[in-house]
Amino acid sequence: METPFEHRKHHEHGKNPMKRLAFGLVVIAAGFLWMLKNLGMISEDAAEIIFSWPMILLAIGFVGHFGPERIWPIVLLIVGGFYLYANFYEVPVNFRLVFWPSLLIIVGLFIILKAGSFFHKHHHGVQTAGN
């Protein structure tokens, strides 16, 4: 079991080994896919999707899941997934009108829930210390 000092040490300044491993795997995969594209083994249509900004958001969200932050990786995965989905399928105009406001509401809820857990931890810590 990891001590609090070891946990903090691994999560400071990007030294989380799992996050580094995930980032390394993403970089290797990108290099491998780029090489396949250059060798003509991946079509231009597929390469256009693989090397698009929605895929970059998905990759950053994937790597972010291995760090201490939980909200922003999910947001990046949702946004990247939405735009990648829109590349393949017709997205109804009504959905496009509610996507960004809905995402903003969800992010706000995550922020509030995170703040609530912060206050809950500190409030109980003060009560326990006073007893």
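# Reading a pocket, a helix and some rings

By class, 14 nonpolar residues, one polar and no charged ones make up the lining of the largest pocket.

Student: What kind of model is this?
Tutor: This is a predicted model, where local features need pLDDT of at least 70, side-chain atom pairs count only at pLDDT 80 or more, and totals for chains, interfaces and linings use all residues. Residues are numbered from 1 along each chain as its sequence is written, and side-chain values use heavy atoms, leaving out hydrogens and water.

Student: How much space lies in the largest pocket?
Tutor: A pocket is an open set of points on a 1 Å grid over the protein atoms alone, where a 1.4 Å probe fits, with protein on both sides within 12 Å along at least five of seven lines; lining residues have an atom within 4 Å of a point. Volume is the space filled by probe spheres set on the points. Here that is about 360 Å³. The lining has 15 residues; closest to the pocket's centre are Val26, Ala30, Met55, Ile56 and Ala59. Helices H2 and H4 (53-64) are the elements that each give two or more residues. Helices are DSSP runs (H or I, at least four residues), numbered from the N terminus.

Student: Which span does H2 reach, and which is expected?
Tutor: Expected span is 1.5 Å times one less than the number of residues. H2 (residues 17-38) has 22 residues and reaches 31 Å from first C-alpha to last, close to the expected 32 Å. Look at its ends too. At the start, a side-chain oxygen of Asn16 comes to within 3.0 Å of the backbone nitrogen of Met18. After H2 comes Gly40, with a positive phi near 80°.

Student: How many aromatic pairs does a search of the whole structure find?
Tutor: Rings of Phe, Tyr and Trp (its six-membered ring) pair if their centres lie within 6.5 Å; planes under 30 degrees apart are stacked, over 60 edge-to-face, the rest tilted. The search finds eight pairs. Phe82 and Phe99 are stacked, because their centres are 3.8 Å apart and their planes at 10°. Phe82 is in helix H5 (residues 71-88) and Phe99 in helix H6 (residues 93-130), so this pair ties together parts 17 residues apart in sequence.

Student: Are those two rings' residues buried or exposed?
Tutor: Buried means under 20% relative accessible area, exposed over 50%, partly exposed in between (1.4 Å probe, protein chains only). Phe82 is buried at 9%, and Phe99 is buried at 8%. Now take Tyr83 and Trp100: a tilted pair, 6.1 Å centre to centre, 40° between planes. Tyr83 is partly exposed at 25%; Trp100 is partly exposed at 41%.

Student: Which residues do ring pairs link into a cluster?
Tutor: Trp53, Phe82, Tyr83, Phe99 and Trp100.

Note on methods
Polar contact = N/O pair within 3.5 Å; in protein donor to acceptor, adjacent residues only side chain to side chain. Nonpolar A, V, L, I, M, F, W, Y, C, P; charged D, E, K, R; others polar.
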